[in-house]
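This report walks through a few strands, helices and charged pairs of one protein chain. Please keep the sequence and the structure in view while reading.

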Amino acid sequence: MSRPGLPPLFAPLLMLATAAASAQATLPVGKPIVYCSEASPEGFDPGLWDSTSTNNAVRQMFQGLLGFERGGTALVPRLAERWTVSQDARVFTFTLRRGVRFHSRAWFTPSREFNADDVLFTFGRFLDPAHPFNKALPGNFIYPNNLGLAKLVQQLEKLDDHTVRFTLREPNVVFLSWFAMPFAGIHSAEYAAQLLQRGEPHKLNNAPIGTGPFAFRSYAKDDVLRLEASPGYWAGPVRTPKLIFAIAREPNVRIQKLLAGECQVSAPARDIDVPVLTKRADIQLLQVQALNISYLSFNLARAPTNIRAVREALDIAIDRPALFKVLFPRGDATPATSAFPPAIPGFDTTLRNEYDPERARRLLAEAGFPQGFALDLWALPIARPTNPNGLLLAQMIQQDWARIGVRASIKTYEWGEYLKRANKGEHDVYMSGWSGESGDADEFLTPNLSCAANRSGVKFCNAEFERLIDTARATPDAARRSALYVQAQQIFKRERPWIPFAHSTLYLPVRADVKGFVINPNGGVEFEKVWRE
């Protein structure tokens, strides 16, 4: 596992981009590629959403100042061609790439190249609630808010048209990696200004304009997203002329479409689909031990799940080995004991799961529920590698909880509705998950378990946990950071805001005529350097 591509903090770093001119202008054009996606994008404004399905769509159209290397976690230049970091990890200066143009569409023609104004517009929305665009179109910037971005950034400056500087209130050794996250995709300030003038700010989300290899063409919810190669793309010719996201919620439907050649790449396959796919000579089954986790999240603002002893009882009442035999028959997943995978530095190897229904019943009695209680258990409506069948998982947990007197009613919703209702805190317990890109523990902890992620009181907020992860982010020494994360995990295990479930191997099926595809550690798909013969 590679470490994040972060610079040494006590020796300012200068990163140089590989010249875009190295791209060969004579590359032959390939055929259209169809990707079978597991869910509809929630929208196309990168800052508003944080689900894997949405990120997979927007990352084809939008780019950040930085990116992650294909198939890894090292940082590489994108819209910034070089950058420096102060020795105290508080001042980050980016030199922007010249010669980049935003997409030209029927509804927008850029009059200038990408410059510092676009960076200031994109991040200004995250940092300033009174930003003119936020007033015209209020939105919840989920990932930036959960990171506490507005609180962290003291100043954002345009030094000239091609240089921007971020100054932080406190050191942050992971800050650089945030510029490679999907939420940091850069918008056109010129396009946004035109939308405001026309009274159509909503089109920033549903008629997107980016700088990426593919440009938006059309979208039919729950059906199909159509993209096309962006002519004049700054990094060189795009060999795939059309990229189509065919949305198929049912895993067996996606597999059938793949086998029939109706799509060339599919969302990750389930454990049970692997034997069929491996027998096909026309299918490549790419594999990676992913940086992922699935879990059950408690509503900490609602009784009785706001009681720590109740959460512990519900956790230790689950027979994980029995669940894993059914859901992962090939044994390609491991039980999660913490909030992030064991491959990430700082993982606490002493943590263990417990199965003890008798002690669970005693905990419920001590908490005032000797006869148990009723609650709602939300089943994940889409298949994920770490949770291939949310309804079956819910039914098995329902049986386990019934043995300690807890009566669980299973509910589920369409994916977008599921996320919306969960964010509002309408659940008692809901299934969720997370995938990391940077290979750093902070990417799992801060967006999900910090107090910044807990504006409604539904999620976790613990002062000592917060102090530990805040200190870790400001600590350049790797051993010291790992020790702080171990302490934070002990608090996580004691308080149990989640029931950690699984880390999985990720299988991504690709037809043999697709060339250049690389599987990423988080399972995200990128088609920039991919073509079909």
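Which residues in H16 are buried? In this predicted model, the buried residues of H16 are Asp442, Glu443, Phe444, Leu445, Thr446, Pro447, Asn448 and Leu449. Because eight of the eight residues of helix H16 (residues 442–449) are buried, the helix is largely enclosed by the rest of the structure.

**Strands and hairpins**

An open sheet of four strands, paired in the antiparallel sense, follows the order E4-E5-E7-E6. Strand E4 (80–85) and E6 stand at its edges, and each has a single partner strand, so one side of each is left without a neighbour in the sheet. From one strand to the next, the twist averages 15 degrees. Within this sheet, E4 runs antiparallel to strand E5 (residues 91–96) and is joined to it by five bridges, with Val85 standing opposite Phe92 in E5. Strand E6 (residues 153–160) pairs with strand E7 (residues 163–168) over six bridges, again in the antiparallel sense; here Lys158 stands opposite Val164 in E7, and two residues lie between the strands of the hairpin that E6 and E7 form. Helix H2 (residues 116–127) lies across E5, E6 and E7, and runs at about 165 degrees to E6.

Another hairpin is formed by E8 and E9, with three residues between them, and Asp222 in its turn has a positive phi of about 65 degrees. Strand E8 (residues 214–220) and strand E9 (residues 224–229) are paired antiparallel over six bridges, and Ala220 stands opposite Val224 in E9.

**Charged pairs**

Side chains of opposite charge can pair when their charged atoms come close. A search of the whole structure finds 37 salt bridges, including those in the table.

| Salt bridge | N to O distance |
|---|---|
| Glu228 and Arg105 | 2.9 Å |
| Lys203 and Glu200 | 3.4 Å |
| Arg403 and Asp400 | 2.6 Å |

The salt bridge of Glu228 and Arg105 links distant parts of the chain, since Glu228 lies in strand E9 and Arg105 in the loop between E5 and H2, 123 residues apart. Arg105 counts as buried, at 15% relative accessibility. Lys203 is partly exposed, with a relative accessible area of 25%, and Glu200 is also partly exposed, with 22%. As for the remaining pair in the table, Arg403 counts as partly exposed at 47% relative accessibility, whereas Asp400 is buried, with a relative accessible area of 6%. Elsewhere, salt bridges that share partners join Arg308, Glu312, Asp315, Arg320, Glu354, Arg359 and Arg496 into one network.

Methods. Residues numbered from 1 in each chain as written. Predicted model: local features only at pLDDT ≥ 70, side-chain atom pairs only at ≥ 80, totals over all residues. Heavy atoms only, no water. Buried < 20%, exposed > 50% of the residue type's maximum accessible area, 1.4 Å probe, protein only. Pairing = 2+ DSSP bridges. Axes fitted to C-alpha atoms, helices over the stretch in contact; angles between N-to-C directions. Contact = heavy atoms within 4.5 Å. Salt bridge = Lys/Arg side-chain N within 4 Å of Asp/Glu carboxyl O.
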